[in-house]
Amino acid sequence: MAQFQAISPCFSANSIFNAAKRTEISLNGNRVYCSNKTPLYQELGAKLNGLNESRTITMQSNCDRVVRAQVATGSETDVSGSTKTGGLRGKLNKVVLAYSGGLDTSIVVPWLRENYGCEVVCFTADVGQGITELDGLEEKAKASGASQLVVKDLTEEFVKDFIFPCLRAGAIYERKYLLGTSMARPVIAKAMVDVAKAVGADAVAHGCTGKGNDQVRFELTFFALNPELNVVAPWREWDITGREDAIEYAKKHNVPVPVTKKSIYSRDRNLWHLSHEGDILEDPANEPKKDMYMMTVDPEDAPNEPEYLEIGIVSGVPVSLDGKELSPATLLAQLNEIGGRHGVGRIDMVENRLVGMKSRGIYETPGGTILFTAVRELETLTLDRETMQFKDTMALKYAELVYAGRWFDPLRESMDAFMENITKDTTGSVRLKLYKGSVSVVGRKSPYSLYREDISSFESGEIYNQADAAGFIRLYGLPMRVRAMLEKGL
């Protein structure tokens with residue numbers, strides 16, 4: 001017997017709980033509520049009994065939405081008997097797919113058409129992944145069966161509205177990860193929602209696996225910005241279980257992908273970083289191969305002479321390099337080049353994924369490492385002790401929210417308002433030395449510096465009287481002194 005799956009509910013709370021106006025019908029354990037004023041509940045049994053093949057039954061109630069029961073073949077029949085062509089899993093009209101041209105998304109295009117009978121609009125966001133990753137993308141998308149490819153340049157928005165707020169907040173996940181992929185997903189998903197509206201799509205899709213964090217990041221953004229969109233996640237639906245299966249599927253459907261079974265790395269690149277996962281990296285005991293790195297040279301092969309640079313910062317946000325003001329994306333791009341040739345920004349870590357498992361990843365973040373070091377250092381001049389400690393505490397939670405895909409969560413937005421206010425005086429510049437993989441701070445200055453040489457100097461001064469320290473220490477240490485007296489019976 002055909003197995004039905006409920007696709008979407010149709011009744012409001014009032015209509016569901018108004019027992020006088022509805023009838024409950026059970027479809028293999030799924031409850032469907034139908035109005036007693038329509039003959040639907042009478043006709044449905046006849047429809048189901050007459051099925052000789054798998055199909056989709058659409059049940060229209062007296063409310064505004066539709067309950068659909070889905071089965072495997074691809075025709076859709078409503079109670080009037082009309083039929084629309086669908087796919088193996090149901091019917092969607094138009095789907096906007098997050099498309100990179102890589103393995104995971106390339107095979108999604110033919111799969112969506114086959115399983116949902118839909119038009120596929122591929123969407124690619126330029127977040128600084130490099131010209132080579134965009135070359136030939138339109139031809140590849142159309143060869144895979146897409147009707148069109150939409151490309152948007154999001155680099156400036158990505159850096160200004162997503163990277164720089166995290167930088168200002170000091171957000172870093174589990175002591176090492178500078179959130180490169182975590183920040184990129186919401187800006188891409190936001191643009192997908194805009195494209196879906198522009199082309200009249202009723203669904204969005206992504207090529208994220210069911211084991212990773214990105215599926216959460218994409219879908220939480222979809223939920224926050226347009227909860228009416230259907231979301232398709234093929235890696236949670238199909239029978240493909242791994243990357244080698246995906247390669248075979250691609251070959252079967254004549255989809256060209258830049259991956260072979262001999263060298264399989266899962267990479268994600270944007271203007272902030274480049275990540276590497278998979279292959280020999282899945283064993284955390286294995287040292288990465290030297291030729292795996294793409295943004296940074298081996299620190300051992302970096303120049304033998306250090307390079308100095310100065311980062312200008314206004315209200316916690318970088319604005320200039322060596323005195324020259326640059327746009328956010330241009331500044332980061334130049335620092336990537338400088339840091340990359342000195343081997344700066346390599347991170348090898350085992351992290352805790354949101355879905356519960358641990359994973360090992362290698363991250364190259366040359367420009368980001370330079371900027372993070374500079375902004376954090378300037379705060380040592382402009383923030384007092386209590387403010388800095390509290391900000392660091394909040395930064396941990398901020399990073400967790402971004403990592404978990406909750407960019408548009410009101411909590412993160414409220415925390416961002418705090419970070420913006422608390423760093424309003426974090427203005428100045430920081431001088432750095434780059435040498436064989438390291439970033440060293442060699443100088444910092446700010447017009448809002450709380451550092452006073454006349455107070456901090458070991459020489460005598462008028463503001464700070466060293467004799468005052470005796471009374472402070474007695475009061476500050478009083479709780480410890482009282483406890484010791486109690487233990488000694490004094």
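Here are three short exercises, with worked solutions, on a predicted model.

**Exercise 1: Walk across the sheet**

Find the order of the strands in the open sheet of five strands, and name its edge strands.

*Solution.* Start by recalling how a sheet is held together: strands pair through backbone hydrogen bonds, either parallel or antiparallel. Here the order is β10-β9-β8-β11-β12, and the pairing is parallel. Next, look for strands that pair on one side only: these are β10 (148-153) and β12 (230-232). Finally, follow the twist, which averages 25° from one strand to the next.

**Exercise 2: Count the bridges**

How many bridges join β8 to β9, β9 to β10, and β8 to β11?

*Solution.* Begin with β8 and β9: five bridges join these parallel strands, and Lys94 stands opposite Glu119 in β9. Move on to β9 and β10, which pair over six bridges, again in the parallel sense; here Thr124 stands opposite Val151 in β10. Then turn to β8 (residues 94-98) and β11 (residues 203-205), which run parallel and are joined by three bridges. Val95 has Ala203 as its bridge partner in β11.

**Exercise 3: Buried or on the surface?**

Decide how well strand β9 is covered, then place Ile455 as buried, partly exposed or exposed.

*Solution.* Take β9 (residues 119-126) to begin with: seven of its eight residues are buried, so the strand is mostly covered. Now go to helix α15 (residues 453-456), which holds Ile455. The relative accessible area of Ile455 is 32%, so this residue is partly exposed. Ile455 also joins Ile463 and Tyr464 in a nonpolar surface patch, with about 300 Å² of accessible area together.

Note on methods. Residues numbered from 1 in each chain as written. Predicted model: local features only at pLDDT ≥ 70, side-chain atom pairs only at ≥ 80, totals over all residues. Heavy atoms only, no water. Pairing = 2+ DSSP bridges. Helix = DSSP H or I, 4+ residues; strand = E, 2+ residues; numbered from the N terminus. Axes fitted to C-alpha atoms, helices over the stretch in contact; angles between N-to-C directions. Patch = residues over 30% accessible without salt bridge, like charges linked within 9 Å, V, L, I, M, F, W, Y side chains within 5 Å. Areas by Shrake-Rupley, 256 points an atom, 1.4 Å probe, with all protein chains shown as cover. Salt bridge = Lys/Arg side-chain N within 4 Å of Asp/Glu carboxyl O. Buried < 20%, exposed > 50% of the residue type's maximum accessible area, 1.4 Å probe, protein only.
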